[in-house]
Structure formats: structure tokens, C-alpha cells
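Trainee: I'd like to learn how to read a structure like this one. Could you walk me through it, one feature at a time?

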Amino acid sequence: MDQGQFITAPNAADTRSVAAAIRRSQARERLRSFALAMPLLTLLLLSFGIPIAILLSRAVYDPTIANALPLTGAAMQSWSGNGIPEDKTLEALAADLKASQQNGNLSEFAKGLNARLPGARSHILKTARALDKEGVADTVSVIKSMPFWTSPGTWATIVRGRHALTSFYLLSAVDLRWNADGSIERVPPEQAIFLRVFARTFLMAATVTLATLVLGFPLAYLISSVPKTLGAILIVAVLLPFWTSILVRTAAWTVLLQKFGLVNDVLLWLGVTGTRLDLMYSRLGLVIAMTHIQLPFTLLPIYSVMRTIQPSQMRAAYSLGGRPLTSFLRVYLPQVVPGIMAGCLLTFILCLGYYITPALIGGAGDQLISNFIANYVNVELNWEMAAALSFILLVFTMGLYAVFARMLGLDRLKPV
Amino acid sequence: MMVAHTNRQFETLAAKGVSHAEPDRFVEFVDVEKSYDGCSFAVTRLNMHVAKGEFLTLLGPSGSGKTTTLNMLAGFERPTNGSIMLDGQSVDRRPPYERNIGMVFQNYALFPHMTVEENVGFPLSVRKFSKADVTARVHKALDMIQLRKFGDRRPGQLSGGQQQRVALARALVFEPSLVLMDEPLGALDKKLREHMQLEIKQLHSMLGVTIVYVTHDQSEALTMSDRVAVFNNGGIAQIGTPDNLYKKPESPFVASFIGENNTLEGIVEQVSGHVCQVALRGGGLLRATPIDIGTQGTSCQVAIRPECIRIAAAADEENDFEATVEGRIYLGDHLRLLARLDNGQLLSVKVGPETITTEAQRIRLGWSHTECRAFPAQQ
Ligand SMILES: Nc1ncnc2c1ncn2[C@@H]1O[C@H](COP(=O)(O)OP(=O)(O)O)[C@@H](O)[C@H]1O
Ligand SMILES: [Mg+2]
């Protein structure tokens, strides 16, 4: 008994010190790996992480109204929020508008309010002009004479815009808005566009993913089962499109898909169709072009997994009495699943961000969410809306990835 | 319902067990040839049969056509010419999944995504055995290889020897009457290999299955087999019991491939019945057992095993040579002497460990004509 304690006590201490030593050496190891990855991490953070964070923050941070209406904001503190604010607020508004006019910030404010309240720009510019006239003493009555300023909707918007932090853009990105009595509602159907575009984007990504899988799986199987030299030639053929930019490939498709282009010629010659199809500016043409561009992304992970499956696996299944279909389904396919998952996920996520191809080949009704984001960035200069749409897309994508990873065992991607 | 189902399974198993041919021709290769590329043959004019319950080993150097032969029997490759009979019926048109032949592969070919139990249960479940039946048989098979408690593991979590045993259980669990093994122990270390040899041998005698076993390891072939077919260049060089092959090789290839052999070169001097006289290169006469050798004046080579050579005190042996000890290798249970004959040719001699010799010592070596065999010289 005594002896037993005598023996176990030092052992326990030994175990502890060994464990501590292992932890120490692992910590050193981690530090070392971290140091090795440091330069890349810094570059990514500076050139990628921070800019994205800044851009995305614009989806919820918009100080335009707060900056343009400092006096109004202060005067509104005591307002109950019902109907039209008191006269001192209207006076402050007039002062703010004049100040903006003088330091040249008026058009920016007008644009900012217009984004939240369509049509507001012209009213603001008109008000500023009226206030600017010589000899206007009673600014309050000037403002009160305009129906725009006596509408409760206008003031509800200004109250919400008084804070630099706003949920307006994020709600808009999913076709929602604050209504006058402070609850969230759907925007009227004629204004609702984004949910439909998101749905279209996901549907398009799913269609293209499925098409690449249907085309890519048999091809990957073929390449992995032919002799090595032929397999190498086929792989080069698959990779060939990678050597030209996506813009060039898209441009090539715009030529091929013309009404009197090669694809229509071939379809007609084969007798598949009786008349020439409108492939350009159509959903079908877009699917064809995107499938072509995405095929290698789906195929390569599948191929790389298939290559590692030894021929003896199927032979073993046959010799054990498995018929070809049974053997394929129970022995071959389960081992390829990680490759299918990786390839499909890659293509699906890349498809969610397609921009050039839909812009050039798709019709007006085939534009994907990236086209809208680009439009807000390049044409409308409404970066807040662009940021909000990007944010929603990012959340959707990451959520989807998490679901895929959980449900289909992405951890199986790591080599066995 | 379940019982009826199981009975039907038994009936089909039993039906397959009914022999249509003589029991010693359970498997038969008739003039089988195989060419992969259409110009060279991987297997040529192969005639061979395997008896029911026999343990036949295909032994030969790498590239001699052993795997090709096995694959044709399993149904993975089709013979270019000839035909293969299984139980008196030609199987040339029968796909592998209808041959009911168990196979153990060199790399085990276990299914990595299935547990050990699922692997072993695979041949049963594809045969539509009931769940309970599958479980019972799988447990019995795992007990047989003493891996019952590893049933839930995946192959990747087992050692090489354990994987090998699982592959074995999987090939035996559906009670095939014929099991093929292609270098099944090639990846194991020596100790484990010897252990597994015994285990396979025990399973063979316990279950009474017919086994066709491929190896390039001659000692493995000799210890395990009822008969050994020595392959060379796509054909059988010699087929027989291990004892027969060891003692009576019919070609210099077999003589040197199986066990160790000294080769002495010379010219045929005289052939009379079961004895011939050979004039050795460098001088000296020798009496040997002639095997297909040519007439007087043709060159030949004489094979003699190291353990057949004795150190003699006097010139009382049929063949008697003086030699000088050039080297001594101590191997624990015996001693290996390298002795240079006076005609310049070198012999390896196996003697007891207590034999007292020193380097450069002159010794007298002797053996009889029945212990050495003269073959035509190889080109
Ligand atoms: N699938 C194949 N395609 C072409 N040649 C092959 C193939 N398999 C084997 N061979 C050739 O056939 C000969 C015999 O090979 P194999 O039966 O594998 O010999 P072993 O198993 O005795 O080492 C070799 O020359 C080999 O190169
Ligand atoms: Mg082989």
C-alpha cells in the first residue's frame, strides 16, 4: 500500500512534467508555423482584409445626413416624433441647408437622402434655391409651404438618418424597410428586386454546378482510367481554357452563340432544333458559357480523387460478388464523394460571384447579384448599397459553406 | 421467410460445391495464352490443373506471368487463346462476380470508407444474405482471425498484419471453394510474414478450400504448398511437390531459383543411362545425373547443393576434389565455406558449425553422382 503510493507519486509528477514539455514544444512549433505564414498573412490583411472590412462597414455606417444636418439633429432631440417637428427644428433645417449650400456639401446630402427616399433630391435642391433668394426672412414658412417637408415620411427618414449607424441598406438588400410606425415591412412588390436577384443567382449557380458535374464526372472517370499518356493529353485539353482569361473566353462565346453563329449552325445541322435559337442575351446561352468556364474547376478535384483509387478496389468488389452497378455505388462512388463535394462547392461559390459573363452574354433578366453590386459601385456611386448587397452575399455564401461542411463531411477532404 | 431465404442461399452454395469433374481437375488451364499488346506474350501455352482442396503456389521471378495467370482465373483478364475450366465448366464467358472465387490482393484492397465489419460483410450483403445472417457470419469470421474487437475500426486504423487478416477473412467469409492470393504477405516484415504463413496454412487445412497462391519467395512456396509451379518467361518451368522440386530440378533455372546451388561448368564426356561423365573447365572429371543433356562434346553445367558436399578424410567418395578454403562465414547453426577447386571454380559448402577449418587450409571435398545434376549449358 505504502509502496504503491511511493511508486505512483513520482510517476504522476513525471507525467505532468512530460505533458508540460510536450505542450512547450508544441507551442514553439505553432509559433514557428505562424512566423512562416506571417508575411502572407500581413499582405492579406493589408490588401484584402482591411479594405473589405472598410467597404462592408459602409453598409451600416452612413454619416451623410448626420454631417449635413448638425443643427436640425440637435433641435430634434426634444421632438415627440409625431407629425411635423416644431418650428425651431425647421429653422435649424434652414440654417443647415444654407450652410451645406455654402460649403458645397448640398448635392452629396441630396443624393444621400435620395437613396433612402426616392425623389428627395429635387425637393432639397428646390428648397435650397428658395432659401437662397434675397430677402427671405421667414425661413420657417418657406419650408412649411413645401408639401415635401410636411410629409411625416420625410421626417421619419431624417430621424433615422440622424444616426450614422443605419440598418437601412442591409434591410433594402433583402427587400425590407422601416415603415412610418417604426416596424419592419416588405417593400412594395414593384420595388422588390434583390431577393429575386439573389434567388436567380443561387439558381444559376446550382444549375451550372449540376451541369459541370454531369459533364465532368464521366470525363474525370475516363481520364483516370485510360493509360497515362492519353490521360495526360486529356488533362491538358481540359486545362487549355485556363490559359486564356475569362474575358477572352466570354468574348469567344458571344461570337459562338450569335443567332447566325456556330452553335446555332451545328444545332440546325444536327436537326436538334428547327429554327435558330436566341442564345445571346438568354438564360440558356449564359448557362452554356458558364458551364464551359467552370468545368475544369469541378472536374479537377474529382479527377484527383479518382486517381488515388486503385484499380484493385473495383477488382476486389467484383471478386467478392459485387455486380458492376453495386460495386460502383458501394465501393467507388463513396470514395469519390469528397472530390465531388470539393469540386461542386468550388464551382458553386465561384458562380455566385460571376460578373463579366452575365454582363456580356446574359439578357436584362439574367443579371446576377454581382452585376447589381458593380452597378452600384460604378454607375450609381451608391457604395452603401453595394456594401450591403456584398455583405448579404457573403453571409449567404459562408452559411452555405458551413452547411455543406457540416452535412457532407468536408473534413473528409483531408487525405486519409 | 428469413429461414427460407437462408436455405436458398445454402442450396446455391451447395449447388456450386457439387463437382462436375474429377476432383483432381478442379481448376484446369488448357493451352492458355495471354498477350496484352498483341505481339509479346505475358503467358504462353499454359497447361496446369489444381486439385480440389490443394494448396498450389505459383513461384517465379517478377514479370514471369504469375499475376496474369491469377487474374485470368479470377476473371479480370481474358485469355487470348485457350480456356480455363472451373469445376469441369469453361469460365471464359463468366464475369468475375459470378465466379465465386475469393481473392486476396497484395495491397489488401480493403475498402477504406467501410469499417472492418462492413468490409467483411460486403460479399455477404451483395449476395442478399439477411442482416442477422451477415452479422453472425462476420462475427464468426472475425473470431477466426482474432480481430472481433476491431470490428468498428476502419482499415486505416489497423496495422499491416491486421489489414492482411481482414482481407483474408473477407475472401473466405462467403465460403468460396477457390481462393486466390497474389503475394499477400509481400508488404509484411519477415517475422510477421512467417507467422501469417502458418496462419494461412492452418486456415487452409481447417476450411479445406482450394488455394492458388502467388509468391516470388521460394522459401514461402516450399513451406506452404502442396505443389509448386515454377514460372519463368510466361510459362511453367516445372511443377511438382516442394521436395521434388528441391531434389530433382529439371532445369538450371529451377535448380538455381529454388534453394541454393553451386554451378560447375564443363563438357560432356560420356553418357550412359543414369550417369554421365563431365570434364570440368580447368581440369578434373565428375560423375553426375544427366538431365536432357546433349551428346559427347556439348557443353553442360552441373548443379550441386552446398549441403550435399562433404568434407572427406580420404579419397573414398565417387566425386573427389581437392580445394583451398578461401572464406568462412559463421551462420549460427552452420558454417559456410567458400572453397576454390584446383581447376579454379568456386564452391559454397555447408558444414556443421563445429567443423574446424582455417583460411587457406587444404581440404578434400566429395559427393556422389546422385547428388549433382548435369544440365545442358544455358545460352
Ligand atoms: N496490364 C498490363 N498491360 C500490359 N502488360 C502487362 C500488364 N500486366 C502485366 N503485363 C506484362 O506481362 C508480363 C507478366 O506480368 P505479371 O503477370 O504481372 O508478372 P508477375 O506477376 O509474375 O510479376 C510482364 O512483362 C508485364 O510487363
Ligand atoms: Mg505480380
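Mentor: Let's start with a term: a salt bridge is a side-chain nitrogen of Lys or Arg within 4 Å of a carboxyl oxygen of Asp or Glu. Keep in mind that this is a predicted model.

Trainee: Okay, so which residue forms a salt bridge with R315(A)?

Mentor: First the general idea: side chains of opposite charge can pair when their charged atoms come close. Here the partner of R315(A) is E77(B), and their closest N and O atoms are 3.3 Å apart.

Trainee: How many salt bridges are there over all chains?

Mentor: The structure holds 28 of them. As for our pair, E77(B) sits in the loop between α2 (66–74) and β4 (81–86) of chain B, while R315(A) belongs to helix α16 of chain A, so the pair joins two chains. Between chain A and chain B the count is two salt bridges.

Trainee: And what about residue pairs in polar contact across that interface?

Mentor: The rule finds eight such pairs between chain A and chain B. On the chain A side, α16 (311–319) and α17 (324–352) each supply at least two of the residues that touch chain B. The largest share comes from α16(A), with seven residues. Sorted by class, that side of chain A has seven nonpolar, eight polar and three charged residues.

Trainee: How should I think about the area buried between chain A and chain B?

Mentor: The size of an interface is often given as the accessible area lost when the parts come together. In this model about 1,900 Å² is buried between chain A and chain B, and carbon and sulfur atoms give 61% of that. Three residues, R315(A), L320(A) and R330(A), supply 37% of the area that chain A buries against chain B, more than any other three. The contact as a whole takes 18 residues from chain A and 24 from chain B.

Trainee: Now for empty space. How much of it lies in the largest pocket?

Mentor: Rolling a probe the size of a water molecule over the atoms shows where empty space is left. The largest pocket holds about 1,200 Å³. Its lining has 46 residues, and N114(A), A115(A), R116(A), L117(A) and F168(A) lie nearest the centre.

Trainee: Which helix gives the most to that lining?

Mentor: That's α5(A), with six residues. Other elements of chain A supply at least two residues each, including α9 (152–161), strand β1 (176–178) and α20 (383–408). By class, the pocket lining has 20 nonpolar, 14 polar and twelve charged residues.

Trainee: What does a search for cavities of 30 Å³ or more find?

Mentor: One cavity in the whole structure, with about 40 Å³ of space. Among the residues lining this cavity are L172(B), M181(B) and H204(B). Helix α6 (residues 190–207) of chain B gives the most to the lining, four residues.

Trainee: And how do the residues of the cavity lining divide by class?

Mentor: Seven are nonpolar, one is polar and none is charged.

Terms used: Residues are numbered from 1 along each chain as its sequence is written. Chains are lettered from A and ligands numbered from 1 in the order in which they are written. This is a predicted model: local features need pLDDT of at least 70, side-chain atom pairs count only at pLDDT 80 or more; totals for chains, interfaces and linings use all residues. Side-chain values use heavy atoms; hydrogens and water are left out. On a 1 Å grid over the protein atoms alone, a cavity is a set of points where a 1.4 Å probe fits but cannot get out, and a pocket is an open set with protein on both sides within 12 Å along at least five of seven lines; lining residues have an atom within 4 Å of a point. Grid points are joined across faces, edges and corners, and a volume is the space filled by probe spheres set on the points. Ala, Val, Leu, Ile, Met, Phe, Trp, Tyr, Cys and Pro count as nonpolar, Asp, Glu, Lys and Arg as charged, and the others, Gly among them, as polar. Contact means heavy atoms within 4.5 Å. Buried area is the accessible area (1.4 Å probe) that two parts lose on being put together, summed over both. A polar contact is a pair of N or O atoms within 3.5 Å; within protein, one must be able to donate a hydrogen and the other to accept it, and residues adjacent in sequence count only if both atoms are side-chain atoms.
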